[in-house]
Amino acid sequence: MEHIEIKGGHRLSGTVRISGAKNAALPILAATLLAPGKFQLHEVPQLEDVKIFLRLLQELGVKWERTSDHSLEIDSSGLKNFEAPYDLVRLMRASILVLGPLVARLGRARVALPGGCAIGARPIDLHLKGLELMGAKLKIKEGFVEAKAKRLNGATIYFDITSVTGTENLMMAASLAKGKTILENAAREPEVVALGELLLQMGAKIKGLGTDTITIEGSKELKAVDWTIIPDRIEAGTFLMAVGAAGGKLIIENCIPSHLDAVLEKLKNAGLKIDIIDKDKIGVQRRGKLKSIDIKTQPYPGFPTDLQAQIMVLMSIASGLSVITETIFENRFMHVAELRRLGADIKVEGRNAIVRGVSELTGAPVMATDLRASASLILAGLSAKGTTIIQGLNHLDRGYERIDKKLSAVGARIKRLKNGKEIT
Ligand code: UD1
């Protein structure tokens, strides 16, 4: 089994380049199902989730080829299968993103139900309700959702809860539907906007991207295009916070500072020095002890749930008391028990984590339980005195492109080992 070993207490210094965003890449891969022809995608991150999505596309009859480390050519002209099997869907919930495009292009889809996951129940009722309103006939049978529609019709769809992949699924379906679709209380995340911009380039007619009302006028057909994936704001936020945990100074390059407004504001309040150096570069420095602040996760433009575990590490070593409220997922505090093993003082009461800063964390063996929890354990290990060993790297590799390598290049003492041997 692979594990990560960190010797804490070493300051970071240098420049880190952020990879393409996982949460932008997955819907964009799904969107290639909407149009025959060759897509050229750039800045595609090398992640387990991307690999799983490519396996899924292949199952559906799509051809793909890696044209360079971070570029792919994808051709869905041969799309013929409409079934997303359980073996792949259970590995990655975002597989549900193929549902809308398959019904829209083939008139039919059979997608395994994702089931629960570590951070909560995460139903897909909003995706299904939307497709039904667009005229799809739905059945839940043998653990699959089956959807059929000769051609989807435009509809007005209100989201009771703002859903990122829900908005993306319906936006893709609506791009090939007959007539106008209005999505109300839609998600405003940059990754939703990025998907909308790709669809526009493919020939779709979309208005209101980045607002909570998105209007899509369906087209008869769309075309394949060249596209570059936006940088990963969650990876960028994780590296900003790595400086908060380890100390030192970093330049984060290939990022979009405006996507991180809420995060930068909170990090400044916590005492980090933040400089927007350029439209794609942020400087970050820790000077002295961090201050405790309260955090509440919210849909974009609020503070992202995907950075909640990481900021909890900073609050664990800050001076004072912090209340972190998780409003998006009901069970996203699994990292708390592991952080406690390193000496953090955290109490969970319902959706609140009450964090009392301690003078220092101490290294210990820990187990990663989900993707962002893994990142938080790495940050905790960078800060802790002594050695931290992190098991369960399968979660980490789903969403971070060799974070261990990127950190070691800027001064962290971090190694990935398999059977006692270092993997480089
Ligand atoms: C996406 C992100 C994930 C991030 C999350 C919230 C991708 C691939 N993943 O996940 O990294 O943590 O947004 O920013 O982009 N809900 C329902 N019914 C539905 C759909 C969602 O009740 O049909 C609920 C969820 O349980 C959750 C809330 O809505 O409580 C928001 O979830 P959603 O935005 O859909 O998350 P994902 O799109 O799965």
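## A walk through the model, from hairpin to ligand

Let us start at a turn: strands E24 and E25 form a hairpin with two residues between them, and Asn419 in that turn has a positive phi of about 45°. Please keep in mind along the way that this is a predicted model. The two arms of the hairpin, E24 and E25 (residues 421-423), run antiparallel and share three bridges. Across them, Lys418 stands opposite Lys421 in E25.

E24 also has a partner from the other end of the numbering. Strand E1 (residues 2-7) pairs with E24 (residues 413-418) in the antiparallel sense, over six bridges. To find this pairing on your screen, look for Glu5, whose bridge partner in E24 is Lys415.

Another residue with a backbone angle to look at is Glu142. Its phi is near 50°, a positive value in a residue other than glycine. Where does Glu142 lie? You will find Glu142 in the loop between strand E8 (137-141) and strand E9 (144-148).

Now move on to a sheet with a helix against it. Four strands make up this open sheet, in the order E10-E11-E13-E12, and their pairing is mixed. Strand E10 (156-158) and strand E12 (205-207) are the edge strands, each pairing on one side only. On average, neighbouring strands here are turned by 15° against each other, with direction ignored. Helix H6 (residues 164-175) packs on the sheet and touches E10, E11, E12 and E13. The direction of H6 makes about 25° with that of E13. Within the sheet, strand E11 (residues 180-184) and strand E13 (residues 213-217) run antiparallel and are joined by five bridges. One of the residues to look for is Leu183, whose bridge partner in E13 is Ile214.

A second open sheet of four strands has the order E18-E19-E21-E20, again with mixed pairing. Which strands stand at its edges? They are E18 and strand E20 (345-349); each has a single partner strand, so one side of each is left without a neighbour in the sheet. The partner of E18 is found at strand E19 (residues 321-325), with two bridges joining the two strands in parallel. Here Ile295 stands opposite Ile324 in E19. If you follow the chain into the loop between strand E18 (295-296) and helix H10 (308-316), you come to Pro301. A cis peptide bond joins Tyr300 and Pro301, with omega at about 10°.

Finally, let us turn to the ligand. Of the 18 residues around it, Asp125, Ser163, Thr165, Asp306 and Ile328 come nearest. By class, this shell has eight nonpolar, six polar and four charged residues. Two aspartates reach the ligand through their side chains: an N or O atom of Asp125 is 2.7 Å from a ligand nitrogen, and an N or O atom of Asp306 is 2.6 Å from a ligand oxygen. The backbone takes part as well, with a polar backbone atom of Val164 lying 2.8 Å from an oxygen atom of the ligand. Taken alone, the ligand exposes 740 Å², and the protein buries 88% of that. Which elements give two or more residues to the shell? They are helix H5 (125-133) and H6. H5 gives the most, with three residues. H6 is thus a helix to view from two sides: it packs on the sheet, and it also gives residues to the shell around the ligand.

Notes
Residues numbered from 1 in each chain as written. Predicted model: local features only at pLDDT ≥ 70, side-chain atom pairs only at ≥ 80, totals over all residues. Heavy atoms only, no water. Pairing = 2+ DSSP bridges. Axes fitted to C-alpha atoms, helices over the stretch in contact; angles between N-to-C directions. Contact = heavy atoms within 4.5 Å. Near = heavy atom within 4 Å. Polar contact = N/O pair within 3.5 Å; in protein donor to acceptor, adjacent residues only side chain to side chain. Areas by Shrake-Rupley, 256 points an atom, 1.4 Å probe, with all protein chains shown as cover. Nonpolar A, V, L, I, M, F, W, Y, C, P; charged D, E, K, R; others polar.
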